[in-house]
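Work through these exercises with the sequence and the structure open side by side. Try each task before reading its solution.

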Amino acid sequence: MKDCKSYSVAPPLADIALRNIWNLDMALDVNTRTETVELLSREADCLKHKLEEERKKLNDVTLANVAERLEEVTFLNIKPRRLLKGNQAKMLCCDWSPDKRHIVSSSQDGKLLIWDAFTSAKEQTVTMPTTWVMACAYSPSGNLVACGGLDNKVTVFNISNPEEDPSAKKKTVGTHTNFMSCCLFPNSDQQILTGSGDATAALWDVESGQMLQSFHGHTGDIMSIDLSPSEIGNTFISGSCDKMLLLWDMRTGQSVQSFEGHLSDINSVKYHPSGDAVASGSDDSTCRMYDLRADKEVAVYSKESILFGVNSIDFSVSGRILFGGYTDYTINAWDSLKCERVSLLYGHENRVTSIKLSPDGTALASASWDASLRVWA
Amino acid sequence: MDMMISNLQQQRQITEQLRREAAVKRIPVSQAIQDIIKYIREREMEDCLMVGFSSQKANPFREKSSCAVI
C-alpha cells in the first residue's frame, strides 16, 4: 500500500476551478473587509490556545487509571478457523457481506473475489482492468460490491445473480484525481463514500454517477474512512497521511472535529460501536482512541516490542477488544480499556492489510500480502 | 498578488476550522470514560470473540465434528 502513496498527480481540476472563484471572492473581500492574514493568524493562535486550555481543564483522569479496577480480559478464545487461498497475489482489502457468510476480497493483480467463508470456496471472480485494487465493500443489500484503487475510480458490480458474469453489469460511479484507497456504502445501495490519494473524500450517487458532496480538509492522502454507527449516520471519520483524523458532517461537507497525535501516516480509522469514540492505527506502530464528546485522545495502544506499522483496525462487538493488523504479519488484540495487549494472532506469512469483524461479531476476517484470507473465531 | 490571496484563503480556512472546533461542546474526560465503560460492560457477555459461544454448535465457523472410524 505504501508503494501507492508516492504516486502523485496534478492538482484536481475541480480545485483549480474553485480556487479561481475564491480569487474573485477574495479580490472583493480585500476591498470591502479588512480581513488580513495577520489578523486571521492572530485569531487562529488565540483559538488554538483556548482549545488547548479547555482540553487541559477537562482532562481530569486517564482511561488506563480508571480501568485499573476492572477485571482483566482473560485468554481470548479465538482460533484460526478458515484459510481462503487466493491467486498468489497480495490481498489488499476484504469486507463481509451482510449475510455474515460471504466475503469480498480485492488484490494487487486486479482480481475481485467473492468467497463463501463457511466452505472456503471461491464463488465468483471479477477481473478489473487495473492492478492494486486497494478497496472493496459490500452494499447493505448484499447485491452490489464497490471497488477501486490505482485506477482512481470507484466501480460497482452487481453480484446478485451467481449465474451471470458480474462484469456485464459494471458501472463506474466516481473518479478521483489520485488512487482510491477506501470506500463504503453509507446506509443504502444508492450512495458510495470514497477516500482518495488526492486528499479528498467524496459522496457519489450510484445511479447517476454524480458527486453529491466533496470533503476538503486533509493535506495528505486519505487512507481510511468509517461511518458513524448511530442511526442517523450523518457523520463519518477519515484518517490520512497528514497524521490527522477528521470528523465530517456529510450534509454540509465541513469537518467538525480534528484529532492529532500520531507521529506518522494514519492507515486505518474505526468508530467505537458506542459511536462516542473513534480509533486509529498508524505507521508509527500505535493505535489510539479519541473520545468525541471530550474532544480528546484518551488511549494509546503500544508496546516497546511492536515496531511495525498498523494497517487496519476493528473493534469487537462490545468495543472491549481493539484488533490491529500489523506489517509484522501479526494481529494484536488490545483491551481497549486497560490499554494492554491480551492476545496475539499468528498465522499470516506476510503483512496483514485489512481486518474486518463479521456483521454479527462472531468472527474476524483478515487479508494479507501472503495472498490469503483468514477467518478467526 | 495571487500568492497573497492564496495565503489569505489558506489562513481563513484554518481560522474558520478552529472557530468551528472552538464552538464544540466538551465534557470532562472522566464522564466520557464512564460512559464508554458502561457501554462495554453492558455488552461484554455477548461478545463472542471475548467469551466464546454458549455451545460450540453456535459457532458457524466451528470445525465439523468428524466421525472417526477405528
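**Exercise 1. A pair along a helix**

Is K38(B) buried or exposed? Then find its salt-bridge partner E42(B) and describe the pair.

*Solution.* Keep in mind that this is a predicted model.

Step 1. K38(B) has a relative accessibility of 52%. Exposed means over 50%, so K38(B) counts as exposed.

Step 2. The side chains of K38(B) and E42(B) meet in a salt bridge, at 3.4 Å from N to O.

Step 3. Both residues sit in helix 2 of chain B, 4 residues apart, so about one helical turn separates them. The general rule is that an α-helix has 3.6 residues a turn, so residues three or four places apart point the same way.

Step 4. E42(B) has a relative accessible area of 49%, which makes it partly exposed.

**Exercise 2. The helix that carries the pair**

Check the length of helix 2 of chain B, then locate its buried residues.

*Solution.*

Step 1. Place the helix in its chain. Chain B has 3 helices and 0 strands. Its elements run α-α-α from the N terminus. Of its 70 residues, 41% count as buried.

Step 2. Helix 2 covers residues 29-43, which is 15 residues. At 1.5 Å a residue it should span 21 Å. The end C-alpha atoms are 22 Å apart, in agreement with that value.

Step 3. List the buried residues: V29(B), A32(B), I33(B), I36(B), I37(B), Y39(B) and I40(B). They cover an arc of only 160° around the axis, so they lie on the same side of helix 2 of chain B.

Step 4. Ask what they pack against. In chain A the partners are helix 3 (37-58), helix 4 (63-67), strand 19 (277-282), strand 20 (287-291) and strand 21 (296-301).

Step 5. Take one residue as a test case. I37(B) lies in helix 2 of chain B. Its relative accessible area is 5%, so I37(B) is buried. Neighbours within four places in sequence aside, I37(B) is in contact with V66(A), L70(A) and L337(A).

**Exercise 3. The interface**

How many residues of each chain are in contact across the interface, and how much area is buried?

*Solution.*

Step 1. Count the contacts. In chain A, 72 residues touch 47 residues of chain B.

Step 2. Take the area. About 5,300 Å² is buried between chain A and chain B. Carbon and sulfur atoms give 63% of that area.

Step 3. Look for charged pairs. There are 6 salt bridges across the interface of chain A and chain B. D35(B) forms a salt bridge with R293(A), with the closest N and O atoms 2.6 Å apart.

Step 4. Look for a network. Salt bridges link E71(A), R320(A), D335(A), R41(B) and E44(B).

**Exercise 4. Two salt bridges within chain A**

The whole structure holds 19 salt bridges over all chains. Which parts of chain A do D116(A)–R101(A) and D226(A)–K270(A) link?

*Solution.*

Step 1. D116(A) and R101(A) meet at 2.7 Å, N to O. D116(A) is in strand 4 (residues 111-116) of chain A, and R101(A) is in the loop between strand 2 (91-96) and strand 3 (102-107) of chain A, 15 residues apart.

Step 2. Compare burial. D116(A) is at 4% relative accessibility and counts as buried. R101(A), at 29%, counts as partly exposed.

Step 3. D226(A) and K270(A) meet at 3.7 Å, N to O. D226(A) lies in strand 14 (residues 222-227) and K270(A) in strand 18 (residues 266-271) of chain A, so this pair ties together parts 44 residues apart in sequence.

Step 4. Buried means under 20%. D226(A) has a relative accessible area of 11%, so D226(A) is buried. K270(A) is buried too, at 18%.

**Exercise 5. Annotation against model**

Set the UniProt features of chain A beside the predicted secondary structure.

*Solution.*

Step 1. The unreviewed UniProt entry gives "coiled-coil region" for residues 37-64 of chain A. In the model this span is 86% helix and 0% strand, with end C-alpha atoms 42 Å apart.

Step 2. The unreviewed UniProt entry also places "repeat: WD" in chain A, including at residues 84-125 and 259-300.

Step 3. Residues 84-125 of chain A are 0% helix and 60% strand, and their end C-alpha atoms lie 14 Å apart. Residues 259-300 of chain A are 0% helix and 55% strand, with ends 13 Å apart.

How values were computed. Residues are numbered from 1 along each chain as its sequence is written. Chains are lettered from A and ligands numbered from 1 in the order in which they are written. This is a predicted model: local features need pLDDT of at least 70, side-chain atom pairs count only at pLDDT 80 or more; totals for chains, interfaces and linings use all residues. Side-chain values use heavy atoms; hydrogens and water are left out. The expected span of a helix is 1.5 Å times one less than its number of residues. Buried means under 20% relative accessible area, exposed over 50%, partly exposed in between (1.4 Å probe, protein chains only). The arc is that of the directions from the helix axis to the C-beta atoms. Contact means heavy atoms within 4.5 Å. UniProt positions are given in the numbering used here, feature names are shortened, and annotations may be inferred rather than shown by experiment. A salt bridge is a side-chain nitrogen of Lys or Arg within 4 Å of a carboxyl oxygen of Asp or Glu. Buried area is the accessible area (1.4 Å probe) that two parts lose on being put together, summed over both.
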